[in-house]
Amino acid sequence: MTATDRAVELVNIAAEAASDKLAQEVVAFDVSDQLVITDAFLLCSAPNDRQVRSIVDEVEDRLRDAGVKPVRREGERDGRWVLLDYVDIVVHVQHEEERGTYGLERLWKDCPAIPLPEAAQGRERTQDGA
């Protein structure tokens, strides 16, 4: 089984929204073979809590424009790791420290990556944090 076309479309919309708010290391995985609750995960990070919230707001706005609303939101108060569950996709926006600590990429490394448009791939972290 592979992620539905709708899930891939939503991942691309969310990835572009996150990237527009300078999200770092934007990646997506097709988790449909491993999980029955969703088709895809989108992961991205930011260097501070304020930017995490900004990314979350933009992702929600763009996906709302595409006709979907999250069925569940978690972690927004702390702004360290916000999870947005859209059933077809789950968006994880993490503070870069949480991303390094929890290593979701390592957990899902056996799942196929979903190719993202170049404009949606986000910035890579550099050693000096820039």
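**View 1. Leucine 83 stands opposite histidine 92 in β5.** The strands β4 (residues 81-85) and β5 (residues 89-95) run antiparallel and are joined by five bridges. Two strands count as paired if DSSP finds at least two bridges between them. Strands of a sheet pair through backbone hydrogen bonds, either parallel or antiparallel. This is a predicted model, in which local features need pLDDT of at least 70 and side-chain atom pairs count only at pLDDT 80 or more, while totals for chains, interfaces and linings use all residues. Residues are numbered from 1 along each chain as its sequence is written, and side-chain values use heavy atoms, with hydrogens and water left out.

**View 2. Five strands form an open sheet with mixed pairing.** The order of the strands is β1-β2-β5-β4-β3. At the edges are β1 (24-30) and β3 (72-74), each of which pairs on one side only. On average, neighbouring strands of this sheet are turned by 10° against each other, direction ignored. Strands (E, at least two residues) and helices (H or I, at least four) are DSSP runs, numbered from the N terminus.

**View 3. Helix α2 lies across four strands, β2, β3, β4 and β5.** The helix covers residues 49-65 and runs at about 160° to β5. Axes are lines fitted to C-alpha atoms, for helices over the stretch in contact, and angles run from 0 to 180 degrees between N-to-C directions. Contact means heavy atoms within 4.5 Å.

**View 4. Cysteine 44 and cysteine 111 are not bonded, because their sulfur atoms are 18 Å apart, too far for a bond.** For each of the two, the other holds the closest cysteine sulfur. A search of the whole structure finds zero disulfides (a disulfide being a pair of cysteine sulfur atoms within 2.5 Å). Cysteine 44 is buried, with a relative accessible area of 0%. Cysteine 111 also counts as buried, at 8% relative accessibility. Buried means under 20% relative accessible area, exposed over 50%, and partly exposed in between (1.4 Å probe, protein chains only).

**View 5. The whole chain comes to four helices and five strands.** Along the sequence, these follow the pattern α-β-β-α-β-β-β-α-α. The C-alpha atoms fill a box of roughly 40 × 30 × 25 Å, taken along the principal axes. Of the 130 residues in the chain, 45% are buried. Among contacts with a separation of 6 or more, 65% are between residues 24 or more positions apart.
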